[in-house]
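Work through these exercises with the sequence and the model side by side. Try each task before reading its solution.

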Amino acid sequence: MNRVYTKSAFSKFYKQSIVSDVSNNNNGGLLIHFWIVFVVPQAKGQVFCEDCVAAILKDSIQTSITNRTSVGSLQGLAVDMDSIVLSVGLRSDYSSTTGTGTNCIYDLHADRLHQHFPLDISITSGRMICYFKLIALVGHLIRLSISAIQIEADNCITDSLTIYDALMPIKSRILYRICEPTNSFLSFVSTNNLMLVTLKSTQVQKVKEFHGYFEIIPQEKCGKVILALGNTGFEGRITSPYYPSYYPPKCICAWNFQTPQKNLGIALKFHNYTISEKSIKGCEHGWWKINEHMYCGYYIDHQTIFRVGSAAVNVEFQCSSKLSEQPLLVEYGSYNISQPCPLGSFVCHTGLCVQQTQRCDAINDCFDESDELFCDVSRHECNTSFLTQHHSLLCDGINDCEDGQDEQDCTESVPCANNTFKCNNNMCFRKQNAKCDGIIDCLDGSDENNCRCGSTKYGHTHHRIVGGSDAQEGEWPWQVSLHFGGVAYCGASVISKEWLLSAAHCFQGNRLSDPRIWTAHLGMRIQGKAKFISPVRRIIVHKYYNNRNYDYDIALLQLSTPWLDTMKWLIQPICLPPSTHRVHSGEKCWVTGWGQKHEADDEISAILQKAEVEIIDQTLCHSTYGLITARMLCAGMMSGKRDSCKGDSGGPLSCRSKGDGKWFLTGIVSWGYGCGRPNFPGVYTRVSNFATWIHKYVPSVF
Ligand code: 4AZ
């Protein structure tokens, strides 16, 4: 290396080469892992590139033109050209592996298939980086299983567990990073016989622990020929490689299905996943080729069925992410092409079949609510001619009708006596003051829900406004302005002393996902004059956020410093709607933010703006935009004018409960076609869908 680089164009930057590891290659030779160290001044005009460094090395290797193999020679040594892989490492990665400052390096060799080699470590003091170098028999792979990890949860800033698909800690070879503590069982598979696991802790206050094991596993061939039986229904399953482990990048699988009859096609039931037509952009979570058609895959929180109307079906799946991905499970079976669903049933957008009687019953049987579209429930059935066949609307403890008609005369199904409290699970509790007395009376805790939220010291006026108007001090005490690098960038809402809710799309990208660059401005009316400013400690973006269609556009932010009760005149949390909460079209809500006042403006507003908007019927919104998922809702005016705009993203769509006058965070500003355009209302994240998800991270708000 010295000879190669001291004679190269980069000689003035070249420092040294250091072997970090030697392992077997797959051909009876050695695989040498080494650092080639360059010190490049930050001065302008320096031409230095990763590809050039690799090219210099490859140019120095002599290859014979007559003998066209990949083996060349360097200073008399045979070199496998295909084994030359060059990745850029950081100075910190380099110094950490060269031995100074750490005594926590384990070289672990495994030589027996499927034997578990335990990996357990606990760090009790000081700054620490532990390296586990896992080396398996050549030609085999490594499966790392994690049973528990206790680390600080702050986006990998203080602590992290990183799994590399190589022996050196090079960014481009990261398989997965864990930034949160977990007790769930997780496992990961390498693409070769080497893996490096690092556990970093920059400050140890509490004990940091990691428990797991690794094993050698054989390489698996993914895919097969499948002869489906004639019976309709699901009969088997296909999975991602190394299921139920996270599957490594660079995978490729091919399944060839054959049904016994021409009238039978193949149905694929994807668990927590869906595929849809590939657009010009690439796929982020796997691409699928099904009988010559291309699709992209997306992770979601429900199942979907994809049917191929052909007796011979070729399915090809290729990984597209650089990281390991969540395991995939797909059930398959044959179905009758001319009648995919049983007689008398309805085909959901998710491909599922539900009975016609399950349509328009206000229960999400399709998982994406497509059985509840084109129903026009509240308008039709809530006046005097209430249709009694829609049982679930009646006496279910939810006011489906604006006048509460569906919940009147419920003596039979809801035997709650006067002066008792009705829990969300329809049980009655006898104590008169069960609600918000600090004691959980209802089994589901619903008597203590939303007790210290959604109220303001400001008396709201209810006349309509045209476009936006200036908000008053203390009128929207949950409104937050999120500043990125000191500049107002997105909105958010206060939901507790230390948690905010915002939109996932505000945090997309390397820098935008770093909590250290953000500050949250609370209790603010005029931009820059916040009552309270806190750095952000942690950003949790929903793992199913889809940057194509803005599905699952939700993120939680944890403040570094909670706000104090002394600020409660200007800072208050907004209530979160329970998962049973349904919005009704025509309902009036308010959207607030410092975003652009007009679509064409490039300026944000100095004073917090508010605009009254109307919840738009989901069916109508669907017909305008097409791609409106069950995680979205539309609000605005079909005539245009009142709307949210750029800069309001992540901010609240606040709706006031008719019952107790409390304000609920019904939506989060997400997207839309322009701003205030007729027929294109704003699209909001439907917060009620995320009650369980929020509860997982913020148990205190329920
Ligand atoms: C945006 O770019 C944006 N009219 C936010 C809201 C809307 C449109 C765009 C809704 O952040």
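**Exercise 1. A buried acid and its partner**

Task: Are aspartate 551 and arginine 631 buried or exposed, and what joins them?

Solution:
- Step 1. Check burial. Aspartate 551 and arginine 631 are both buried. Buried means under 20% relative accessible area, exposed over 50%, and partly exposed in between (1.4 Å probe, protein chains only).
- Step 2. Know the source. The model is predicted: local features need pLDDT of at least 70, side-chain atom pairs count only at pLDDT 80 or more, and totals for chains, interfaces and linings use all residues. Residues are numbered from 1 along each chain as its sequence is written, and side-chain values use heavy atoms, with hydrogens and water left out.
- Step 3. Test the contact. A salt bridge is a side-chain nitrogen of Lys or Arg within 4 Å of a carboxyl oxygen of Asp or Glu. Aspartate 551 and arginine 631 meet in one, at 2.8 Å from N to O.
- Step 4. Place the partners. Aspartate 551 sits in the loop between β33 and β34 (555–559), and arginine 631 in the loop between α5 and β37, so the pair ties together parts 80 residues apart in sequence. Helices (H or I, at least four residues) and strands (E, at least two) are DSSP runs, numbered from the N terminus.
- Step 5. Extend the contact. Salt bridges with shared partners join Asp301, Asp551 and Arg631 into one network.

**Exercise 2. Two further salt bridges**

Task: How many salt bridges does a search of the whole structure find? Then examine the pairs glutamate 475 with lysine 610 and arginine 537 with glutamate 152.

Solution:
- Step 1. Count. The search finds 12 salt bridges.
- Step 2. Take glutamate 475 and lysine 610. Their closest N and O atoms are 2.9 Å apart. Glutamate 475 lies in the loop between β28 (469–470) and β29 (479–484), lysine 610 in strand β36 (residues 609–616), so the bridge ties together parts 135 residues apart in sequence. Both residues are buried.
- Step 3. Take arginine 537 and glutamate 152. Their side chains meet at 3.5 Å, N to O. The pair links distant parts of the chain, 385 residues apart: arginine 537 is in strand β33 (residues 532–541), glutamate 152 in the loop between β8 and β9.
- Step 4. Compare accessibility. Arginine 537 is partly exposed, at 27% relative accessible area. Glutamate 152 counts as buried because its value is 18%.

**Exercise 3. Disulfides and their handedness**

Task: How many disulfides are there? Which hand do the pairs 49 and 52, 156 and 179, and 621 and 634 have?

Solution:
- Step 1. Apply the rule. A disulfide is a pair of cysteine sulfur atoms within 2.5 Å. The count comes to 13.
- Step 2. Take cysteine 49 and cysteine 52. Their sulfur atoms are 1.8 Å apart. The torsion about the S-S bond is about 90 degrees, so this disulfide is right-handed. Cysteine 49 is partly exposed at 27%, and cysteine 52 is partly exposed at 28%.
- Step 3. Take cysteine 156 and cysteine 179. Their sulfur atoms are 2.0 Å apart. The S-S torsion is about -95 degrees, so this disulfide is left-handed. Cysteine 156 lies in the loop between β8 (141–150) and β9 (159–164), cysteine 179 in the loop between β10 (174–178) and β11 (186–189), so the pair ties together parts 23 residues apart in sequence. Cysteine 156 is buried, at 11%.
- Step 4. Take cysteine 621 and cysteine 634. The S to S distance is 1.7 Å. The S-S torsion is about -75 degrees, so this disulfide is left-handed. Cysteine 621 is in helix α5 (residues 618–625) and cysteine 634 in strand β37 (residues 632–636), so the pair ties together parts 13 residues apart in sequence. Cysteine 621 is buried at 0%, and cysteine 634 counts as buried at 0%.

**Exercise 4. Nonpolar cores**

Task: Which residues touch the most other members of the largest nonpolar core?

Solution:
- Step 1. Define the set. A nonpolar core is a set of buried Ala, Val, Leu, Ile, Met, Phe, Trp, Tyr and Cys residues joined through side-chain atoms within 4.5 Å.
- Step 2. Read the largest core. It has 77 residues, and Trp255, Phe257, Trp288, Phe317, Leu482, Leu501 and Ile694 touch the most other members.
- Step 3. Look for another. A second, separate core has 29 residues, among them Ile149, Leu175, Leu186 and Tyr246.
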